[in-house]
Amino acid sequence: MIKAMDELLKHWADQWKCRSLRQCSPLGKLMEFKGVMPSGTKGSRDPLGHGEIDDLAWEVYEALETLSNELQVLAWEHYHWDGYNEHKAQRLGLAERTYYARLDKLHIQLREALKARRKTVKRA
């Protein structure tokens, strides 16, 4: 497992779960900001209606989109749901050893996808 990729994916999942110090609903935002609704930015990057995510989480999301469906499902299962990894492996129909091998593969391929995105962004 690559620690830096693990931390990036945890951040990505927290952003999607709206745990980064902001509420998802209008009522929650009013409570959080003591009755003064914050002004939003134009061009929301909110594909699921969960509230906007930061640039780092968006980059991880875009890089994940380039990976195989198998690895995308693994990323969502591992980082979005709490519980023991043994249970997550069972839900995916994998042996525990295979689950960890695919998790390592996810980290390696995500790192490569992020590097490739960085190169294309620099050229543009």
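1. Helix axes here are lines fitted to C-alpha atoms over the stretch in contact, and angles run from 0 to 180 degrees between N-to-C directions. On that basis the axes of α4 and α5 come within 10 Å and cross at roughly 145 degrees. Helices are DSSP runs of H or I with at least four residues, numbered from the N terminus.

2. The basis of the note comes next. This is a predicted model, in which local features need pLDDT of at least 70 and side-chain atom pairs count only at pLDDT 80 or more, while totals for chains, interfaces and linings use all residues. Residues are numbered from 1 along each chain as its sequence is written, and side-chain values use heavy atoms, with hydrogens and water left out.

3. Back to the helix pair. α4 passes α5 in a right-handed crossing (the near helix is turned clockwise from the far one by less than a right angle; anticlockwise would be left-handed). Which residues meet across α4 and α5? Val-73, Leu-74, Glu-77 and His-78 belong to α4, and they meet Asn-85, Lys-88, Arg-91 and Leu-92 of α5. Contact is taken as heavy atoms within 4.5 Å.

4. A salt bridge also joins this pair of helices: the side chains of Glu-77 and Arg-91 meet at 2.6 Å, N to O. Glu-77 lies in α4 and Arg-91 in α5, so the bridge ties together parts that are 14 residues apart in sequence. Glu-77 is buried, with a relative accessible area of 12%. The accessibility classes are buried under 20% relative accessible area, exposed over 50% and partly exposed in between (1.4 Å probe, protein chains only).

5. Helix α5 spans residues 85–92, and its buried residues are Asn-85, Lys-88 and Ala-89. Seen down the axis of α5, these fall within an arc of 100 degrees, so they line one face of the helix. The arc is that of the directions from the helix axis to the C-beta atoms. Gln-90 and Arg-91 are exposed, on the face turned away from the buried side. Just after α5, Gly-93 takes a positive phi of about 75 degrees.

6. How many salt bridges are there? The count comes to six, where a salt bridge is a side-chain nitrogen of Lys or Arg within 4 Å of a carboxyl oxygen of Asp or Glu. One of them joins Asp-6 and Lys-10 at 3.2 Å, N to O. Both residues lie in helix α1, four residues apart, about one turn of the helix. Asp-6 is buried at 9% relative accessibility, whereas Lys-10 is partly exposed at 43%.

7. Another bridge pairs Arg-102 with Glu-70, the closest N and O atoms being 3.6 Å apart. This pair links distant parts of the chain, with Arg-102 in helix α6 (residues 96–123) and Glu-70 in helix α4, 32 residues apart. Arg-102 is partly exposed at 26% relative accessibility. Glu-70 is partly exposed too, at 36%.

8. Aromatic pairs number five. Rings of Phe, Tyr and Trp (its six-membered ring) pair if their centres lie within 6.5 Å; planes under 30 degrees apart count as stacked, over 60 as edge-to-face and the rest as tilted. The rings of Trp-12 and Trp-76 have centres 5.1 Å apart and planes at 75 degrees, so this pair is edge-to-face. Trp-12 lies in α1 (residues 3–16) and Trp-76 in α4 (residues 69–80), so the pair ties together parts that are 64 residues apart in sequence. Trp-12 is buried at 0% relative accessibility, whereas Trp-76 is partly exposed at 31%.

9. Tyr-99 and Tyr-100 form an edge-to-face pair as well, 5.7 Å centre to centre with 80 degrees between the planes. Is Tyr-99 buried or exposed? Tyr-99 is buried, with a relative accessible area of 0%. Tyr-100 is partly exposed at 36%. Elsewhere, ring pairs link Trp-12, Trp-16, Trp-58, Tyr-61 and Trp-76 into a cluster.

10. Finally, Tyr-79. This residue sits in helix α4 and is buried at 7% relative accessibility. Tyr-79 and Lys-10 are 69 residues apart in sequence, yet 6.1 Å apart in space, C-alpha to C-alpha. Not counting residues up to four places away in sequence, Tyr-79 touches Asp-6, Leu-9, Lys-10, Trp-12, Ala-13, Lys-17, Leu-103, Leu-106 and His-107. Those contacts include both partners of the α1 salt bridge, Asp-6 and Lys-10.

Notes. Helices (H or I, at least four residues) and strands (E, at least two) are DSSP runs, numbered from the N terminus.
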